[in-house]
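Biologist: Let us go through this model together. I will ask, and you explain your reasoning.

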Amino acid sequence: MKIATYNVNSIRMRVDRVLEWCKRVQPDVLCMQELKLEDAKFPGVEFAALGYEVCTFGQKTYNGVAMISKLPLTDVERGFGDEVEDPQARFLAATTANGVRIASVYVPNGQAVGTPKFTYKLAWLERWRAYLAERVKRDGLFAVCGDFNIAPDPEDVYDPLAWQGRCLFTLEERAALARVREVGFVDVVRQLHPTGQLFSYWDYQMLAFPRNKGLRIDHVYATPALAARAKTLLVDRDMRKGKQPSDHIPVMIDFDV
DNA sequence: ATGGCAATGTTTCATTGA
């Protein structure tokens, strides 16, 4: 079972690229982030034509997450169920017909240390952790995939010294992400690629991609029972090439499920 | 060969991303 995640940076701008990628690598489930549109405007017909069931949680202009699946989806959850005061569409979960729970996540960027957005990010991370701590009790096979907007380790940023203390790489954010793992998740990309850089994002500016000034901020976390079944990894650098790429690339794990 | 910001809407600039 191939489970993938891809921050598309506007599904409207990227739909042809995503469709071509699905035809080529045939993910069973693809989690997407930064749709930047309302659910009614999601290009669902195109994905349905490839045999995918579509599940979206979008909003106008910003954020928005989706999941497409070749297996039927049930028990769809949008948000954590606690966001009385949170209108941002950043979390979607569903269960595939073979019993694997999957979530598509877009963690807040945080902008810069000391800003209200950074405070919101840290609070959001704690809400996410509390939600997952409950769900792992029930879902033994659970994959949480998405743009986490945190580089966990020094080898996950192109210049750890320059990134010291910067948003996406502060000790505070990395500790918050470690607390998420501690409720019962494994970083499956690192499990399959234990050492060395394996970036998933390069800024559009300053020739970041050709200079390989990237970050590893897109992740696939899985419960130990599911992580034990992880077989192969694809971090598809080719998707940063060509006309109008997203600034992120897809990350895919093939599980023996 | 992978290329010098990009996408959205409030549109001809401001906001956001990371």
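Biologist: How many bridges join strand β6 to β7, and in which direction do they run?

Modeller: First, this is a predicted model: local features need pLDDT of at least 70, side-chain atom pairs count only at pLDDT 80 or more, and totals for chains, interfaces and linings use all residues. Residues are numbered from 1 along each chain as its sequence is written, while chains are lettered from A and ligands numbered from 1 in the order in which they are written. Strands (DSSP E runs of at least two residues) and helices (H or I runs, at least four) are numbered from the N terminus, and two strands pair if DSSP finds at least two bridges between them. Strand β6 covers residues 91-96, and its link to β7 is antiparallel, with 5 bridges.

Biologist: Which residue stands opposite A103 of β7, and which takes a positive phi in the hairpin?

Modeller: A103 in β7 faces A93. The hairpin of β6 and β7 has 4 residues between the strands, and the positive phi, near 90°, belongs to G99.

Biologist: How many bridges join β7 to β8?

Modeller: These two strands run parallel. One bridge pairs V105 with G146 in β8. The chain gets from β7 to β8 through α3, a right-handed β-α-β crossover (clockwise from the first strand over the helix to the second, with the strands pointing away from the viewer). The bridges between β7 and β8 number 6.

Biologist: How many residues of β7 are buried?

Modeller: Buried means 20 or more other C-beta atoms within 10 Å of a residue's own; exposed means 12 or fewer, partly exposed is in between, and C-beta atoms are placed from the backbone. In a regular strand the side chains alternate between the two faces of the sheet. Here R101, A103 and V105 are buried on one side, and I102, S104 and Y106 on the other. For strand β7, residues 101-106, the count is 6 of 6.

Biologist: Why is G140 classed as partly exposed?

Modeller: G140 sits in the loop between α3 and β8. Beyond four places in sequence, G140 touches T223 and A225 (contact: C-beta atoms, placed from the backbone, within 7 Å). G140 is partly exposed because the number of other C-beta atoms within 10 Å is 14.

Biologist: Which helix gives the most to the largest nonpolar core?

Modeller: Such a core is a set of buried Ala, Val, Leu, Ile, Met, Phe, Trp, Tyr and Cys residues joined through C-beta atoms within 7 Å. The largest has 74 residues, and A143 and I102 are among those with the most contacts inside it. Leaving aside neighbours within four places, A143 is in contact with residues including I3, V100 and I102. With 5 residues, the helix that gives the most is α3.

Biologist: Which strands form the edges of the open sheet of 6 strands?

Modeller: The order is β3-β4-β2-β1-β14-β13, with mixed pairing. At one end, β13 and β14 run antiparallel, joined by 5 bridges, and L234 stands opposite M252. An edge strand pairs on one side only, and that describes β3 (53-57) and β13 (230-235).

Biologist: What is the radius of gyration of chain A?

Modeller: Chain A has 7 helices and 14 strands. The globule rule (2.2 Å times the number of residues to the power 0.38, for a radius taken over C-alpha atoms) gives 18 Å for 257 residues. The value for chain A is close to that, so the chain is as compact as a globular protein of that length: 17 Å.

Note on methods: Two residues are in contact if their C-beta atoms, placed from the backbone, lie within 7 Å.
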